[in-house]
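Welcome, and please load the model in your viewer. We will go from one selection to the next, with a short stop at each.

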Amino acid sequence: MSALFSAHLPAIQVVVPLISAPLCVLFRRTGATWLIALIVSWTSFGISILLLEQVIANGPISYLLGSWAAPWGIEYKVDMLSAFVMLIITSIGSISMIFAPNSVNSEIPDDRIYLFYTMYLLTFSGLLGITITGDAFNLFVFLEISSLSSYVLISLGAERNALTAAFRYLILGTVGATFYIIGVGLMYQMTGTLNMVDLAQRLPAVAETRTILVALGFVTVGIGLKLGLFPVHVWLPNAYAYAPSVVTAFLSATATKVAVYTLLRIYFTVFGTKIFTALPIGEFLLLLSLIAILSMSAVAIFQKNAKRLLAYSSVAQVGYMVIGISMVTATGLTATILHLFNHAMIKGALFLVLAAVFFRIKSVKIEHMAGLGKVMPYSMAAFVLAGFSLVGVPLTVGFVSKWYLILGALEKGWWPVAALILISSLLAVIYFWKIVEVVYFKPRPQDAPLIHEAPLAMLIPMWVLVGANFYFGLDTDITVGSAKAAATLLIRGAP
Amino acid sequence: MEIPGLLNYWIVIVLIMVGFYVVISQGNLVKKMVGLSVFQVAVFVLYISMSKIDGGAAPILDGAIKNYSNPLPHVLILTAIVVGVATTALGLALIVRIRDAYGTIEEDEILEQERNDS
């Protein structure tokens, strides 16, 4: 039984959340659907840990769906990188589900809450599917499962702007996904295969043809739209600002990370490092992400809504990850993969604090947060500590990933890039200080209603994430070890 | 002649550009959805064209049939059509809600109201 169970873990990981989603629609009761979502998230978290252990012990796992042999059937592939990214998704999912009930009950009408959990489970399974699949077209299907359900999640926001934000995301997201299948179609035309490992073997023979270079362009732009790469990030700030608070926390910590994962997969597993010499794609990405980390951090300074401010900061943070990719070195990729994990912990914690703030004062406008340091001391302390990590103060995870990123830049002799990364961190200090100043040094208005600290069910999840920020900042063995192993595999182009 | 052989691809390119242009240029949200659908359908045509060969029959195991068209892209596109239908349905549902909330489906009028809100 247990041998059978562990052999089918990759399929169970995707199928369980996928089947639980319609179950939620059948149950309809708020409590029951929450319980399903909670149990499924934690089960997946457990499976992710088991899979990571299996990968560390026995190397990559290849799982044939329905036992159809690999290049013809769909293959699920779990290697170091996908196991690591799955761990990020499931841990954030599990933590935000503990946090969710209070926040969701206060923000979403009672008769729609079961739909929230349904859509959450669909997004969750879509994201896991993207990470686990070894088939380029199957990836598109999971991409659309996760995207369509996240449009719905965003549109559940209380303000009417949530609807337009969701609609804009739908248009751009669909264009992105369609660009991706155009690219995959062109690759299929030249190689006759969709399996990523098989593609990697057949592509070199036709790598120099225009069709493949065009395919590469389409795939890059398509995934760029999904990951919020500057200048196609325009959907992101509104979507994050108007989505329900828990949705923002969950999506900001997982959705863009999975898009970065897809980019890594396509570039390094499918195309191999040779494409960076065939086309100036590294330089192109480097330029865009340098603009992103500077301009988006600067734009963040002028925001009046705290969620929007952090959304712009997310675009800048994605810039850091893409800089790591553009280096095409083991250190650069280590920094990217590390930052996937670290940024999920940072932004997860920050957005959860904002969710608690919204729960208490029904606003996340920075001016309304005046004096919260006194009335919500534990939440705000969590906010400040996670903020340290965002800026990259030593002892936090933010420092670890910036350290590797700058190390990678210096390795390549890119002094100006390292300098720009530091400047962008200083901008992060400024925009973060803006919130801290209001929270701690402005008095709460006299007529403000009396409020209390957030409930324990909210405090514990956010402090777990803050704790993770510091724990993995000190004990870097697990994260850096996994990231290095994954980066080395990618750079070697091993399947 | 090259052009007739590549006719499908030319049609694909034209349709993609038309669809994309409508998505960008139209301010009416429903027209945007129409453009998006044209854009997606163009990609379906691309996939279906690439698998068809001259004189190719359906892939049935029969001694009389020598040339097969590749069925796989057709199957892939079945999936993509489902995705396209879901996208269109969701987009239109959102438009209905947007009209309830704003009283209009013209993008510039919505933007103006949003500016007044903030």
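Before selecting anything, learn one pair of cut-offs: a residue is buried under 20% relative accessible area, exposed over 50%, and partly exposed in between, using a 1.4 Å probe and protein chains only. This is a predicted model, in which local features need pLDDT of at least 70 and side-chain atom pairs count only at pLDDT 80 or more, while totals for chains, interfaces and linings use all residues. Residues are numbered from 1 along each chain as its sequence is written, chains are lettered from A and ligands numbered from 1 in the order in which they are written, and side-chain values use heavy atoms, with hydrogens and water left out.

**Stop 1: chain A as a whole**

Select chain A and switch to a cartoon view. You will find 21 helices and two strands; these are DSSP runs, with helices (H or I) of at least four residues and strands (E) of at least two, numbered from the N terminus. Along the principal axes, the C-alpha trace spans about 75 × 55 × 40 Å.

How does the radius of gyration of chain A agree with that of a compact globule? Chain A has 21 Å, and a compact globule with 495 residues would be near 23 Å, which agrees. The radius is taken over C-alpha atoms, and the globule rule is 2.2 Å times the number of residues to the power 0.38.

Now colour by accessibility: 64% of the 495 residues in chain A count as buried. A contact means heavy atoms within 4.5 Å. Of the contacts in chain A with a separation of 6 or more, 80% are between residues 24 or more positions apart.

**Stop 2: the largest nonpolar core**

Next, select Phe116(A), Met187(A), Tyr267(A) and Met369(A). Within the largest nonpolar core, which has 223 residues, these four touch the most other members. Helix H15 of chain A (residues 330-361) gives this core its largest share, 21 residues. A nonpolar core is a set of buried Ala, Val, Leu, Ile, Met, Phe, Trp, Tyr and Cys residues joined through side-chain atoms within 4.5 Å.

Keep Tyr267(A) selected and show what surrounds it. Leaving aside neighbours within four places in sequence, the contacts of Tyr267(A) include Leu216(A), Thr220(A), Phe276(A) and Ile325(A).

**Stop 3: Val258(A) in helix H11**

Move to Val258(A), which sits in helix H11 (residues 245-271) of chain A. Is Val258(A) buried or exposed? Its relative accessibility is 2%, so Val258(A) counts as buried. Not counting residues up to four places away in sequence, Val258(A) touches Val85(A), Ile89(A), Leu127(A), Ile130(A) and Thr131(A). For a distance to try in the viewer, go from Val258(A) to Trp72(A): their C-alpha atoms are 25 Å apart, with their positions 186 residues apart in sequence.

**Stop 4: three loop residues**

Select Pro231(A), in the loop between helix H9 (210-227) and helix H10 (236-242) of chain A. The peptide bond leading from Phe230(A) to Pro231(A) is cis, with omega near 0°. Pro231(A) is partly exposed, at a relative accessible area of 46%. Add Ile291(A) to the selection: it is 60 residues from Pro231(A) along the chain, and their C-alpha atoms are separated by 8.9 Å.

Then go to Val328(A), in the loop between helix H14 (306-327) and H15 of chain A. Val328(A) is not a glycine, but its phi is positive, near 55°. With 21% relative accessibility, Val328(A) counts as partly exposed.

Finish this stop at Lys362(A), in the loop between H15 and helix H16 (372-375) of chain A. Lys362(A), also not a glycine, has a positive phi of about 60°. Lys362(A) counts as partly exposed at 46% relative accessibility.

**Stop 5: chain B**

Now hide chain A and select chain B. Which pattern does chain B follow along the sequence? Chain B reads α-α-α-α-α, with five helices and zero strands. The C-alpha atoms fill a box of roughly 70 × 30 × 15 Å along the principal axes. The radius of gyration of chain B is 20 Å, whereas a compact globule of 118 residues would be near 13 Å.

Colour by accessibility again: buried residues make up 32% of the 118 residues in chain B. Of the contacts in chain B with a separation of 6 or more, 45% are between residues 24 or more positions apart.
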